[in-house]
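The exercises below are meant to be worked through with the sequence and the model side by side. Try each task before reading the solution that follows.

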Amino acid sequence: MAQLRTRPIPAVNDTRPDTLHAAIRARQPIKVNGLIDGWKAAGWTFDSLRALGGDTPVTVLDELPKSGGLLPGGQESYEREMPFDDFLDHAERPDLKAACYLGYCRPDQLIPGYGSAFDFTPLTPPSTHATDTRLWVGSGGTCSGLHSDANDNVFTQIRGYKRVVLVSVRQTHLVHPFVDNIVNSPVDPEHYDAEQFPRLARARVYTTTVGPGDLLYIPRGWWHYLRSESPSISINHWFGPMMSARAFFGILLRLGPRYVARTATDMVRYGVLGKRYQKNFFFTPPSTGECLYNLIRYGRFEPEDYHKSGPGKRTADGEE
């Protein structure tokens, strides 16, 4: 396997949000330690979550693949229902053979009094746009796969460590997106195959490891890959305006005719005709064609009820 040339994500220690705000204005990633030290959530452990969430039933992903974000057979085949405290016991087992994850969970569905445990308001610019905060709890070895989101993201690491890889949205054409889902990539940056994915060698690839107390800003559209190196608790917060339709179309057009043709086909197949899109990614969005159909019909890339998670769940046959 070839090694990608990487550079570190800029990192600072700061108890005031000024440096973070400057990075958000510049749309540049940054890792900051010190901004969440005062949060009650900063002290969360598996034991304290066990006491808070108790035996609340949750839908988790179990026996996950060891690398990448692909889920052969579809995400539903990895879903298991179990009490939250049993899941925490399972995730902390030292002899665990395959990773397990409770992802994309709304904290208010699981943690009583969560509203006083953390506060993203001082960390992000004032905005009238909707926000979305999610809790992620899992064993070591969970892996998001290389993907991008339509909103700015402030990601905080509460417990454990995660390896992070970032690539700019401007270099989407270099990450080999799936032809039917241009916000997901088949590339595994930690086991890079230069023969299969040669363009990524030309990209600027940023890396870091986040640990307890770290905050990472991921600008909207930036590609990111996260793998837990130990049992882990994280909270992320999407904020600000969604990527514009113009920007999304620009990315699609730069990817070329094959992507445009597949998007048009899937717009009819999954949007107009309503056929079911098989979800073989880790918490995957709709196909690109369906996203554009939703944008026209609902004014957003995903309908409100597309994903369900945690106590209740969020969930392509991706082709590169």
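## Exercise 1: A salt bridge at Glu 190

At 25% relative accessibility, Glu 190 counts as partly exposed. The model used here is a predicted one.

Task: Find which residue forms a salt bridge with Glu 190, and say which parts of the chain the pair ties together.

Solution. Begin with the partner, which is Arg 227, and note that the closest N and O atoms of the two side chains are 2.4 Å apart. A salt bridge is counted when a side-chain nitrogen of Lys or Arg is within 4 Å of a carboxyl oxygen of Asp or Glu. Next, place the two residues: Arg 227 belongs to strand β14 (residues 223-228), whereas Glu 190 sits in the loop between β11 and β12 (205-210), so the pair ties together parts that are 37 residues apart in sequence. Finally, look at the cover of Arg 227, which has a relative accessibility of 21% and therefore counts as partly exposed, since buried means under 20%.

## Exercise 2: Two further pairs

Task: Decide whether Arg 262 is buried or exposed, and do the like for its salt-bridge partner Asp 180.

Solution. The side chains of Arg 262 and Asp 180 meet in a salt bridge, with 3.9 Å from N to O. The pair links distant parts of the chain, because Arg 262 is in helix α5 and Asp 180 is in the loop between β10 (162-167) and β11 (184-185), 82 residues apart. With a relative accessible area of 15%, Arg 262 is buried, and Asp 180, at 0% relative accessibility, also counts as buried.

Task: The structure holds 14 salt bridges; trace the one between Arg 50 and Glu 92, and then the network to which these residues belong.

Solution. The closest N and O atoms of Arg 50 and Glu 92 are 3.1 Å apart. Arg 50 lies in helix α2 (residues 46-53) and Glu 92 in the loop between α3 (84-91) and β6, so this bridge ties together parts that are 42 residues apart in sequence. Glu 92 has 38% relative accessibility and counts as partly exposed. Widening the view, Asp 47 and Asp 89 join Arg 50 and Glu 92 in a network of salt bridges.

## Exercise 3: A pocket and a cavity

Task: Describe the second largest pocket by its volume, its lining and the helix that gives the most to that lining.

Solution. The volume of this pocket is about 520 Å³. Of the 20 residues that line the second largest pocket, the closest to its centre are Ser 168, Val 169, Arg 170, Arg 220 and Trp 222. Helix α4 (residues 245-255) gives the most to the lining, with 5 residues, and by class the lining has 8 nonpolar, 7 polar and 5 charged residues.

Task: Now state how many charged residues are found in the lining of the second largest cavity.

Solution. The space in this cavity is about 40 Å³, and the residues that line the cavity include Leu 64, Pro 65, Thr 142, Cys 143 and Phe 282. Sorted by class, the lining holds 6 nonpolar, 2 polar and no charged residues.

## Exercise 4: A patch on the surface

Task: Name the residues that make a nonpolar surface patch of about 280 Å², and place Val 272.

Solution. The patch is made by Val 268, Val 272 and Leu 273. Val 272 is found in helix α5 (residues 257-272), and its relative accessible area of 55% means that Val 272 is exposed.

How values were computed: Residues are numbered from 1 along each chain as its sequence is written. This is a predicted model: local features need pLDDT of at least 70, side-chain atom pairs count only at pLDDT 80 or more; totals for chains, interfaces and linings use all residues. Side-chain values use heavy atoms; hydrogens and water are left out. Patches are made of residues with over 30% relative accessible area and no salt bridge: like charges are joined within 9 Å, nonpolar side chains (Val, Leu, Ile, Met, Phe, Trp, Tyr) within 5 Å. Accessible areas come from the Shrake-Rupley method with a 1.4 Å probe; for residues, only the protein chains shown count as cover. Helices (H or I, at least four residues) and strands (E, at least two) are DSSP runs, numbered from the N terminus. Buried means under 20% relative accessible area, exposed over 50%, partly exposed in between (1.4 Å probe, protein chains only). On a 1 Å grid over the protein atoms alone, a cavity is a set of points where a 1.4 Å probe fits but cannot get out, and a pocket is an open set with protein on both sides within 12 Å along at least five of seven lines; lining residues have an atom within 4 Å of a point. Grid points are joined across faces, edges and corners, and a volume is the space filled by probe spheres set on the points. Ala, Val, Leu, Ile, Met, Phe, Trp, Tyr, Cys and Pro count as nonpolar, Asp, Glu, Lys and Arg as charged, and the others, Gly among them, as polar.
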